[in-house]
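Good morning, everyone, and thank you for making time for this. I would like to walk through one structure slowly, for those who have not seen it before, so please have a look at it first.

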Amino acid sequence: MMNREQALPAQDQWGLLAEYGHWLEFEFHSLWVESDDQEELARLLGVDPGSRLECDLQTVFTTYAGSPDKAVWMGPHAPGWTHMFAFGMYSFHPVIRNLGKRRVFEMYFAGEVGEGLEPLYLNYDGEQLGDVTPPDEAGGEMDISDYLPYAAGLELGTKRDHERDIHLMFCMMGRITGRFADRDWWTATRTFYRIPDSSWGR
């Protein structure tokens with residue numbers, strides 16, 4: 001069992017994203033949701049059950065039509081956790097705020113030419129509690145100080161580099177959830193759903 005407050009992944013997390021994520025290196029919306037019950041999460045997301053497709057990530061990119069359509073690709077991450085890539089939604093979208101009384105960690109990268117990389121937010125029961133982004137330096141402050149021990153050795157520094165920062169944030173989530181992304185994680189078959197506008201009105 002790994003020491004969650006000190007562990008590091010075997011592979012560079014950005015490197016895996018660039019290798020297996022197809023166009024996710026240009027922008028992505030990643031969620032770690034504290035639940036094993038994917039059927040309940042699908043219901044809370046307001047998915048179209050008829051759109052359900054068991055597929056790998058490559059298939060997602062030949063299936064998803066692009067914004068403004070909303071969709072999600074979701075599957076098991078670690079015991080007690082589900083991971084999702086959300087498509088067509090902004091950070092803290094109403095769909096995400098509806099995931100109930102459970103921790104939802106959210107990483108949103110709008111691309112180098114967009115708004116860039118947002119902080120690593122923690123949402124709970126429709127509220128954004130703050131962020132757990134690693135501090136710039138050892139001993140630095142964090143919005144939610146309970147998570148500061150997980151950031152040891154993951155300090156971002158003062159010079160922004162989105163590839164390095166995304167790697168470190170994925171490391172942070174690996175420590176919190178007990179699993180880092182690896183090749184099996186990126187090539188897994190998970191469930192794709194479309195989310196109709198009629199579910200949320202926007």
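Before anything else, a word on terms: a residue counts as buried when its relative accessible area is under 20%, as exposed when that area is over 50%, and as partly exposed in between. Please also keep in mind that what you see is a predicted model.

With that scale in hand, let me begin with Asp125, which has a relative accessible area of 38% and is therefore partly exposed. Asp125 sits in the loop between E6 and E7, and these two strands form a hairpin with 2 residues between them. The backbone there deserves a second look, since Asp125 has a positive phi of about 50 degrees although it is not a glycine. As background, most residues other than glycine have a negative phi. A second residue of this kind is His22, which is not a glycine either and has a positive phi of about 60 degrees. His22 is found in the loop between H1 and E1, and with a relative accessible area of 33% it is partly exposed.

Staying with the hairpin for a moment, which strands does E6 pair with? On one side, E6, residues 121-124, pairs with E5 in the antiparallel sense over 4 bridges, and on the other, E6 pairs with E7, residues 127-131, again in the antiparallel sense and over 4 bridges. Tyr121 lets us follow both pairings, as it is the bridge partner of Glu106 and also stands opposite Asp131 in E7.

Let me now turn to the interior. The largest nonpolar core has 45 residues, and of these Tyr147, Met172 and Trp186 touch the most other members. Several elements supply at least two residues each to this core, including helix H1 (13-20), helix H3 (57-63), strand E3 (70-78), strand E4 (81-87) and helix H6 (183-187). Helix H5 gives the most, with 8 residues. If you would like one residue to centre your view on, take Trp186, which, leaving out residues up to four places away in sequence, touches Leu16, Leu17, Tyr20, Gly21, Leu24, Leu57, Trp73, Phe85 and Ala181. Apart from this core lies another one, of 18 residues, with Val33, Ala42, Tyr193 and Ile195 among them.

Next come the charged pairs, and here the background is simple: side chains of opposite charge can pair when their charged atoms come close. How many salt bridges are found in the whole structure? The search gives 9, and I will pick out a few of them.

In one, the side chains of Arg103 and Glu34 meet at 2.7 Å, N to O. This pair links distant parts of the chain, with Arg103 in strand E5 and Glu34 in the loop between E1 and helix H2 (38-45), 69 residues apart. Arg103 is partly exposed at 22% relative accessibility, and Glu34 is partly exposed at 31%.

In another, Asp136 and Arg160 form a salt bridge whose closest N and O atoms are 3.5 Å apart. Both residues lie in the loop between E7 and H5, so the pair ties together parts that are 24 residues apart in sequence. Asp136 is partly exposed, with a relative accessible area of 38%, and Arg160 is partly exposed as well, at 47%. Salt bridges that share partners also join Glu39, Arg52 and Glu54 into one network, in which Arg52 and Glu54 meet at 2.9 Å, N to O.

A polar residue worth finding on your screens is Asn98, in the loop between helix H4 (94-97) and strand E5 (103-109). A polar atom of the Asn98 side chain lies 2.8 Å from the backbone oxygen of Leu44. Leaving aside neighbours within four places in sequence, Asn98 is in contact with Leu44 and Trp200. Asn98 and Leu41 are 57 residues apart in sequence, while their C-alpha atoms are 9.4 Å apart in space.

Finally, the cysteines. Are Cys55 and Cys171 buried or exposed? Cys55 is buried, with a relative accessible area of 5%, and Cys171 is buried at 1%. A disulfide would need a pair of cysteine sulfur atoms within 2.5 Å, and by that rule the count comes to 0 disulfides.

How values were computed: Residues are numbered from 1 along each chain as its sequence is written. This is a predicted model: local features need pLDDT of at least 70, side-chain atom pairs count only at pLDDT 80 or more; totals for chains, interfaces and linings use all residues. Side-chain values use heavy atoms; hydrogens and water are left out. Buried means under 20% relative accessible area, exposed over 50%, partly exposed in between (1.4 Å probe, protein chains only). Contact means heavy atoms within 4.5 Å. A polar contact is a pair of N or O atoms within 3.5 Å; within protein, one must be able to donate a hydrogen and the other to accept it, and residues adjacent in sequence count only if both atoms are side-chain atoms. Two strands pair if DSSP finds at least two bridges between them. A nonpolar core is a set of buried Ala, Val, Leu, Ile, Met, Phe, Trp, Tyr and Cys residues joined through side-chain atoms within 4.5 Å. A salt bridge is a side-chain nitrogen of Lys or Arg within 4 Å of a carboxyl oxygen of Asp or Glu.
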